[in-house]
Amino acid sequence: AHSGRVSIGGCEELPVGVLRRKVSLVPRTPVLFQGTVLANVDPFGEASDARLLQVLIQVGLVAKTQAALPAELSVPITTPSKVRSTVKQLICLARALLQSP
């Protein structure tokens, strides 16, 4: 495990673990991890199904008429490199939105 501290603007030092939870990036070249879409959107498994559904609808990965999380979101992504770049970006955007209050 990596450890360390990061200073932002010279004002405050943040432990790396806190920084990872507070700062979200939507990279130009997005990367997915092996696992499910849900695990990529909510890597800490902390969001409720209702919040996940809200965010996935917001970014356009799930239809507005969807009443519950689709089962296919729980299917493992076995080959992340084969997922279209635009879908990867939407997943990264959903992850960032999920972390915002």
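These are my notes on the core, one helix and one pocket of this structure, which is a predicted model.

**Core.** I started with the largest nonpolar core and found 15 residues in it. V37, V41, L56, L73 and A94 have the most contacts inside this core. Next I looked up which elements supply it: α2 (37–41), α3 (49–59) and α4 (85–99) each give two or more residues. The top contributor is α3, with 5 residues. No great shock, as nonpolar side chains tend to be buried together in soluble globular proteins.

**L56.** I picked L56 for a closer look, since L56 is among the core residues with the most contacts. Skipping neighbours within four places in sequence, I listed its contacts as L38, V41, L61, V62, L69, L73 and A94. Of these, V41, L73 and A94 are also on the list of core residues with the most contacts.

**α4.** I then checked the helix α4, which has 15 residues. From first C-alpha to last, α4 reaches 21 Å, close to the 21 Å expected at 1.5 Å a residue. Which residues of α4 are buried? I got K88, I91, C92, A94, R95, A96 and L98, so a lysine and an arginine are on that list too. What do the buried residues of α4 pack against? They pack against α2 and α3.

**Pocket.** Last, I went to the second largest pocket, with a volume of about 190 Å³. I counted 10 lining residues, and D42, F44, E46, L98 and Q99 lie nearest the centre. The lining splits into 5 nonpolar, 1 polar and 4 charged residues. I noted that L98 turns up twice: it lines this pocket and is one of the buried residues of α4.

Note on methods: Residues are numbered from 1 along each chain as its sequence is written. This is a predicted model: local features need pLDDT of at least 70, side-chain atom pairs count only at pLDDT 80 or more; totals for chains, interfaces and linings use all residues. Side-chain values use heavy atoms; hydrogens and water are left out. On a 1 Å grid over the protein atoms alone, a cavity is a set of points where a 1.4 Å probe fits but cannot get out, and a pocket is an open set with protein on both sides within 12 Å along at least five of seven lines; lining residues have an atom within 4 Å of a point. Grid points are joined across faces, edges and corners, and a volume is the space filled by probe spheres set on the points. Ala, Val, Leu, Ile, Met, Phe, Trp, Tyr, Cys and Pro count as nonpolar, Asp, Glu, Lys and Arg as charged, and the others, Gly among them, as polar. A nonpolar core is a set of buried Ala, Val, Leu, Ile, Met, Phe, Trp, Tyr and Cys residues joined through side-chain atoms within 4.5 Å. Buried means under 20% relative accessible area, exposed over 50%, partly exposed in between (1.4 Å probe, protein chains only). Helices (H or I, at least four residues) and strands (E, at least two) are DSSP runs, numbered from the N terminus. Contact means heavy atoms within 4.5 Å. The expected span of a helix is 1.5 Å times one less than its number of residues.
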